[in-house]
Amino acid sequence: MFRCNVIQGLRIWKSYTFSAVSVALKRKPQASRLLFTMVDSQYYLPNDIGISALDCTEAFRLLSPREQLYAHYLSRSAWYGGLAVLLQTSPESASIFVLLQRLFRKQPPAQLGNVATAAGLSPEEYQAFLVYAAGLYANMGNYKSFGDTKFIPNLPKENLKALVWQSQAFQDSPSEMEALWDSCSTLLYSLEDKQKQLGLGDKGITTYFSGNCCLEDAELAQKFLDSKNLSAYNTRLFKKKSEGKSCYEVRLASAVQEGEMDGEGETRCGRYNFEDRVFTVSRGDYDHLMKKVSENLEKAKDHAANENQKRMLEEYSRSFTFGSVEAHKEGSRFWIKDKGPIVESYIGFIESYRDPFGSRGEFEGFVAVVNKAMSERFAKLVSSAEVLLPELPWPKDFEKDRFLLPDFTSLDVLTFAGSGIPAGINIPNYDDIRQSEGFKNVSLGNVLAVAYATQKDKLTFLDEEDKDVYIKWKGPSFEVQVGLHELLGHGSGKLFVQDEKGTFNFEQDNVCNPETGEKITTWYKGNETWDSKFSTISCSYEECRAESVLCRCCPWVCSIFGHEGEDAEEVVYVNWLNMVRAGLLGLEFYTSESKSWRQAHMQARFVILRVLLEAGEGLVTLKESTGKDGCPDALITLDRSKIHTVGKGAIERFLCKLQVLKSTADVEGGRALYEGYSAVSDGGSHNFLCLRETVLQRKEARKMFVQANTRVKGDSVELVEYEGSATGLICSFTERFADDAEEVEAHLLELNKRDAPCWF
């Protein structure tokens, strides 16, 4: 208890900006440096952060010239659209991006390093600057894509300013560079409480909503959108007062702005009175970027392999031109029909993890090449789905009427534009399409190959024996987990719906709730969706449901991936061990001050840990301890002999509850269950608040990835690759927009300036 109080006492240092800490360093350098390292490490990226290059050389080489051109123009489209994430993340992200681009376009990292030395920066400080720049590019903003925490440069502000002032970019355009610095430097370093993390209202920063919006505004806007059958995926919400009345602008992402254009009916552009407020639906968000996206999709269409791809790209282009989600849904239908393509891709406003309300999608686009050998394993898993699905722990009435066998491929990523790169994806996210028309699953093989490699000395909270087993089997076990998570997790379960005509998709008089034995009394009505109903918990709740299918990880499933006998048992064990350890690591992504979670997957894993601890009988043991370094530590163990009995039983019971509450649109019950298990406190059998401090002290920074560029040379496409380092990541971005850098940067600054008054 004394240890916890001491650590919590040190938390006052978290409110200091770097400049304040640097003053302290001048007074007591060793003690102050130790405090900053211990407590504020979550707000900067360490100089030794892992950075790996995604290898796609062989996959790209095997493509035909036509396929390479197709992949090239899809990649260009994705990269231009990915710049919108800067505008979706924070008020300052776009300006910081342009500042960095101008510095490095004039002087690459090695050359700028000489300037840094002349400006008085130490080698460690310049490396910290390079790591910060790489982090800004990798996350497409100055908030971590995994955890939504702000990160700042790990060097004094005055030193960074000196570097900027002595750079070639400043010498060439002093007034422009000074204005750019002035526009972002304060927020670049600010660690005021609200600016430490993303969130809505007083909980953090968001640019999905204007700064005067709160949760009540988000809820009202969702009701309005539902009334107009409009999706929130490609929107942002801006609020202002007019004649004492609240007025809202729902702005759609599109290349075109106002005016009578094709697609007007789909986007519902216009002015409406709704519950004594005024709503205006407009277009033109990210207009310059959306134009670039559409132009490159049209170029890609000339190299498409089949009619489905052509129609898909036509609809995507229409979506980004006019702001129509209906067009994007139509494109997604053609995408689902495009079975087994050599070059796979998807693009749009997809995942809603970073919208504090859970409804608006962040832009992302990926282009990848199918790994045929690995895809065969996932194809076998898909063919086994009809055997595995009935074993999930809910009655057959709660499962889809017909399971549409999806594509499930392993891909080597060529391009993934957005704020981060996942290990696997299950898309599209549109409930109506998923329920009745299907979906696709992908596993990103070259990401898995480098993302989860761990050194033994950096592996935390496991005993030595478990560390050896974990390192050996983590890769194979995670591959199996991705397969189960995407196919059986996100791909399973039915939503009970009464459509606008009053027709039910289930037998209302016969279906009973397995938890109560009573008839179903709640369901989705009209235009309601999973996201709109469960809003703020929808993302994490769904990830928890998908993660919970680890109860289906058994030797028979492992054999599909080539693991037999004792090897299969080891894969099963590490699958469960990884889940309980991840639940403990998840505490890094909990903000105690606001009592909120910042990362959907990690919240989900913490919930599962709580469920397994609650199961008792010695299945999972979690103890606080003191490490060899004399600092607070923890040890988590799993009794493998009880996985298939105690563990499986506990997870199946919990998973059934999750599905029933989701199927029946029981928001009240779902919130009570999920938020109860998500609670982090210092009471009960485990002091999770103290454990959180231990996790923060021993956390390892998430890896960053360097991606290749493509360049058209005559009739062929050249693949340009970079080293796996901060320098390589920076060079990849400065060269990515080399042909139209000034135009792109000017557009970003214009878009940023347009909305600047809305945030504060």
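Here is a short chat between a visitor and a guide about the structure above.

This is a predicted model, where local features need pLDDT of at least 70, side-chain atom pairs count only at pLDDT 80 or more, and totals for chains, interfaces and linings use all residues. Residues are numbered from 1 along each chain as its sequence is written, and side-chain values use heavy atoms, with hydrogens and water left out.

Visitor: Which residues touch the most other members of the largest nonpolar core?

Guide: A nonpolar core is a set of buried Ala, Val, Leu, Ile, Met, Phe, Trp, Tyr and Cys residues joined through side-chain atoms within 4.5 Å. Buried means under 20% relative accessible area, exposed over 50%, and partly exposed in between (1.4 Å probe, protein chains only). The largest core has 116 residues, and the ones touching the most other members are Phe97, Phe104 and Phe129.

Visitor: Which helix gives the most to this core?

Guide: Helices (H or I, at least four residues) and strands (E, at least two) are DSSP runs, numbered from the N terminus. The top giver supplies 9 residues and spans residues 123–139: helix 9.

Visitor: What is Phe104 in contact with, leaving aside its neighbours within four places in sequence?

Guide: Contact means heavy atoms within 4.5 Å. With those neighbours set aside, the partners of Phe104 are Pro109, Leu112, Tyr126, Phe129, Leu130, Ala133, Tyr137, Ile730 and Thr734.

Visitor: How many salt bridges does the structure hold?

Guide: Side chains of opposite charge can pair when their charged atoms come close. A salt bridge here is a side-chain nitrogen of Lys or Arg within 4 Å of a carboxyl oxygen of Asp or Glu. The count for this structure is 49.

Visitor: How many residues apart in sequence are the parts that Glu745 and Arg102 tie together?

Guide: These two form a salt bridge, with their closest N and O atoms 3.2 Å apart. Glu745 is buried at 2% relative accessible area, and Arg102 counts as buried too, at 16%. Glu745 sits in helix 31 (residues 741–755) and Arg102 in helix 7 (residues 93–106), so the parts they tie together are separated in sequence by 643 residues.

Visitor: Is Asp468, the salt-bridge partner of Lys456, buried or partly exposed?

Guide: Lys456 and Asp468 meet at 2.8 Å, N to O. Lys456 lies in the loop between helix 21 (445–451) and helix 22 (464–489), while Asp468 is in helix 22. Lys456 has 32% relative accessibility and counts as partly exposed. Asp468, at 43%, is also partly exposed.

Visitor: Where is Arg698, the residue that pairs with Asp629?

Guide: Their side chains meet in a salt bridge of 2.7 Å, N to O. Asp629 is in the loop between strand 15 (620–626) and strand 16 (632–638), 69 residues away from its partner. Arg698 itself is in the loop between helix 29 (688–697) and strand 17 (704–706).

Visitor: Which peptide bond is cis, with omega near 5°?

Guide: Most residues other than glycine have a negative phi, and most peptide bonds are trans. Pro428 lies in the loop between strand 9 (424–427) and helix 20 (431–436). The cis bond leads into this proline, running from Ile427 to Pro428.

Visitor: What is the phi of Lys595 near?

Guide: Lys595 is in the loop between strand 13 (590–591) and strand 14 (596–597). Lys595 counts as exposed, at 68% relative accessibility. Its phi is positive although the residue is not a glycine, with a value near 55°.
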